[in-house]
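Here is a short set of exercises to work through with the model open beside you. Try each task before reading its solution.

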Amino acid sequence: MFTAILAITLLALILGLLLGFAAIRFKVEGDPIADQIDKILPQTQCGQCSFAGCRPYAEAIAAGEVDINRCPPGGEATIHALADLLEVEFKSLDEECGVEKPKMLAVIDEDRCIGCTLCIQACPVDAILGAAKHMHTIIASECTGCELCLPPCPVDCIDMVETKPNANTWRWPDPAHIDLKLGAQP
Amino acid sequence: MPLSRLSSPFLSGTNRVSLQMLQLLAALIPAVIAIVYFFGPSVLITMTLAIVVALSTEALMLRLRNRPLKPFLTDGSAVVTAVLLAIALPPLAPWWLTVIGILFAIIFAKHLYGGLGYNPFNPAMVAYVLLLISFPLEMTTWLPVTSLSDQPLDISSALQFIFNGQLASSIDTVSGATPLDAMKTQIGLHQMPAYIFQQPMFGLWGGKGWEWINIWLAVGGAFLLYRRIISWHIPVAMLAGLSTLSLVTWILAPEITASPLFHLFSGGTMLGAFFIATDPVTAATTIKGKLVFGAGIGLLTYIIRVWGGYPDGVAFAVLIMNMLVPLIDYYTQPSVYGALKK
Amino acid sequence: MTQKLGSFPGGLILKGQKKRSTQVAIRKMPLSKKLILPLQQHIGEASTPIVAVGDKVLKGQKIAKAEGHVSVALHPPSSGTIIAIEEQPIPHPSGLSALCISIETDGEDKWANRKPINDFTDLSEHEIRQLIREAGIVGLGGAGFPSFIKLNPSVHHHVETLIINGVECEPYITCDDMIMRERAEGILDGIEIMRFALRVKNCVIAIEDNKPEAISAMELALGARPYLQDTEVLVIPTRYPTGSEKQLIQIVTGKQVPTLGLPIDIGIVMHNVGTAYAISRAIKYGEPLISRIVTVTGRQVEHAGNFETLLGTPMHELLSFCGTKRQADEPFILGGPMMGYNLSGDHLPVTKTANCILVGVDDAAKSSTPLPCIRCGECATACPVSLLPQQLYWYSRAKDLDKTNEYNLFDCIECGCCSYVCPSEIPLVHYFRFAKTEIMNQQQEHAKADVARIRHENRLARLELEQQQKELRQQQRKAALAATQVAKAKQAAELPAEPPATDSQETQ
């Protein structure tokens, strides 16, 4: 019996050394999980998840500090993707972070804009073009719909407008939802 | 007339699940008549009981799962499971054996996996195996063929036995082993197969009565092939696998193995080849996959019959290959049009 | 006929339903009061209008120019006045609108200046291609790809065979059949021009064997042109979807077009018979594409047939011309029963790709709940592209879009064979179309998200840089301030070293 205990202990020591060596020799710099999570997040940089942008939220998820269901612009699709990546349970969107809304773009009403640059400073992706005492305008193709420009505007001249689908961006409706009405498998 | 679909195609063929099931049942009719001729009418009682229990259980499960009764109850799949199990069970199966089997098949092997189309294992075979392992005595108590029995059962005594459990005469004088069972045991006792074959319970090349049932099942299978309900790949592969291994061992050691013909026409071979292994839900789907699947069942059936613990291995072989289906499908995909040759 | 034919797996034998619309010759639709011309009737970039509201235009005059490379010009099918350039509903499964030019016709039908060319060999191949582009010609088989691009062998490719597609495999549609019967000469003229432009010798005209009249018409016309060497009519067995480009190539040549590749990669170019005819009109007569043959047929159409229709004609005029029994908003099919889509508005215009209007399909699929998939594999047996529709179905349903890509979802030609044979009546093609648009949408969103991420990171970097510069300047100022203070202190310290000269000066 003594030899058995000795043998197992020796084996454990050797394997432990091997693992330690591998952990040092093959260490990957940076946090690849956070990168993968960041790739899934929609990059709206809106802060509704209560983090200052998508990257801090991704790092918090990677560190295991927060839930995966705090991103309203990403919606259910993003939560599913995160659940698959991290192999955790799917959770529906946390209501206190916001609700899933269709994609909207910000539009400045040029008649009311006073050129104060407060919105330019607020935009996380620099999608607003303008200068002090000059007209401001939003670059529609860069706007992520995060709504961070709305609060700072002193004359409330920014509106959120729903994007209209055109023949190139239109998507076929989900056939599974038609089946569901009749009780087939979801 | 408003269009019924959001997307093309707006035409639809005549292939339907319920039609397939109906034709399958039609193909079983000659075999059932043969069973009644050789083993008495008790199989009809078992079958009726099985169908009634299957349909009621199916309706109950659909209700519990909040699914509509209309398309699912009438698609015929529960009836097919019931009929196949009834054919597989011994003629003297007590009523509770049938009921437990059907309940397990419909509830556990079908609905708890998600219902039609979602079960990985063949429900009839799951039920058969459950009963075989839990109630070995009742499941191996077979009637001898009517012409050989000194006490052939008529319908009233069959009813009495199935529902009451006893007869005027005791079980021992009524029951007997199947030809497969007898062959296996007596080979184990170092008897020569050629000599064993002389016994009255053996017919021309298989068990007496059993060979005819298997022939009629093969005829039904041919009907299904003609009607394109099943494709030839699985039955041919299974029979080929079984006969090849059987032929090889028979040539190498004829004094301890039965002939390939015996194996082909005994037990559940033809039922398995044409009706059970071809169940689309649980079989492989790619062409090459079907060949691998069928061959696997054939080989495993022979292995279990000769070296395993049970006289007939079809049920176990089918379940084992059912487990391997996702793997088989993954590795046998056809190459897509335009795929670059590696 | 001398060639050995290839084949493709799967496919279906369908009832042709062609007799209904081939009893009468092609008839001409009367002129409409208003013509609506969408600016995008082709694959690629929409054309840009070069006229304004109120302009008077002549028949065949250019009113929109090609935008970018994959684009063609647009012409009014009759003379009149431009009454609007605005968004109007277009024939599309979504029911959405797009920019259209609306013309009110003046009834005079006056042509603009046409430049017919007697001998096309006088022109260079490039000039011919430009003429075809300026004539607005696109693939009239249904896809609408600008034809001039497919007439350019370019320096990288050598074209072996030109295949003219007269197959028309979908049930009900007969416009190609009729054009071959009645206008075989025009088609051959077009073929000669195409051969010249492509510098190709071999030409095959593929026709299905259910069109005996078309076959004889084409053979007769070909026989009358003995100088046209290496051109033959190839009769192929009727099967759906033989008319699909990739499948027809496989039948005629036995070769497969590589995935993500084009037919020209294996030296083949394919054009529709209607396109060939349009090309001959454009070069020989100087007429741009302003009309096409449309089949109107179906159980509810009384006088089914083929009609030479001016582009932009509202569809309800066609339907009433044929005596169609239809409720006000009842949907009808644009295209064939296997690959067409349903429209409910009949004020939509006829476009360059509208080959058939179908009202009332025989043996239509009934509205019923699909049963779950029973994994029978019939769909895989029927698929002409050797895909596994069953797997694509499961993954599309689960929205596992990466896996659908792995199973070659984008190779699906949406022919509908799988849905047709499914015993559970699952709308498979709908699932695949849904998965395709979801994937494309996802890719667009990911691309946008990547750009947004980079912009955000750049902004953070910029802010940090500004912060650093600010701090640097502050430090410099502080340092400068400290330096001047030190200098001042030094000066103040040096002051008592001076002699008290002022006292002596004061006492004097």
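**Exercise 1. Work out how chain B meets chain C, from residue counts down to single pairs.**

Start with the contacts, taken as heavy atoms within 4.5 Å: 41 residues of chain B touch 55 residues of chain C. Keep in mind that this is a predicted model, where local features need pLDDT of at least 70 and side-chain atom pairs count only at pLDDT 80 or more, while totals for chains, interfaces and linings use all residues. Residues are numbered from 1 along each chain as its sequence is written, chains are lettered from A and ligands numbered from 1 in the order in which they are written, and side-chain values use heavy atoms, with hydrogens and water left out.

Next, take the area. The size of an interface is often given as the accessible area lost when the parts come together. Here buried area is the accessible area (1.4 Å probe) that two parts lose on being put together, summed over both. For chain B and chain C this comes to about 4,300 Å², with carbon and sulfur atoms giving 58%.

Then look for charged pairs. A salt bridge is a side-chain nitrogen of Lys or Arg within 4 Å of a carboxyl oxygen of Asp or Glu. The rule finds two salt bridges across this interface; R16(B) forms a salt bridge with E425(C), and their closest N and O atoms are 3.2 Å apart.

Add the polar contacts (a pair of N or O atoms within 3.5 Å; within protein, one must be able to donate a hydrogen and the other to accept it, and residues adjacent in sequence count only if both atoms are side-chain atoms). Between chain B and chain C there are 12 residue pairs in polar contact, both residues at pLDDT 80 or more.

Finally, assign elements, where helices (H or I, at least four residues) and strands (E, at least two) are DSSP runs numbered from the N terminus. On the side of chain B that touches chain C, the elements giving two or more residues are α1 (17-39), α3 (69-73) and α17 (314-331) of chain B. Of these, α17(B) gives the most, with three residues.

**Exercise 2. Repeat the analysis for chain A and chain C, and find which residues of chain A lose the most area.**

Contacts come to 36 residues from chain A and 26 residues from chain C. The buried area is about 2,900 Å², of which carbon and sulfur atoms give 53%. On the chain A side, W170(A), R171(A) and W172(A) lose the most area to chain C, together 24% of what that side buries.

Side chains of opposite charge can pair when their charged atoms come close. The rule finds five salt bridges across this interface. R171(A) pairs with E438(C), with the closest N and O atoms 3.0 Å apart. R453(C) forms a salt bridge with D38(A), at 3.5 Å between the closest N and O atoms. That pair runs from helix α12 (residues 428-494) of chain C to helix α2 of chain A.

The interface also has 11 residue pairs in polar contact, both residues at pLDDT 80 or more. The elements of chain A that give two or more residues are α2 (32-40), α5 (118-122) and α6 (175-180), and α6(A) gives the most, with four residues.

**Exercise 3. Describe how α16(B) packs against α17(B).**

Two packed helices are described by the angle between their axes and the distance between the axes. Axes are lines fitted to C-alpha atoms, for helices over the stretch in contact, and angles run from 0 to 180 degrees between N-to-C directions. Helix α16 (residues 287-307) of chain B and α17(B) pack at about 150°, with axes 8 Å apart.

For the residues, G289(B), F293(B) and L300(B) are among those that α16(B) brings, and A317(B), M321(B) and V325(B) are among those of α17(B).

**Exercise 4. Which backbone features deserve a look in chain C and chain A?**

In chain C, the peptide bond from Y240(C) to P241(C) is cis, with omega near -5°. P241(C) lies in the loop between β10 (231-236) and α5 (245-253) of chain C.

In chain A, E147(A) has a positive phi of about 70° although it is not a glycine. E147(A) sits in the loop between β3 (137-138) and β4 (158-162) of chain A.
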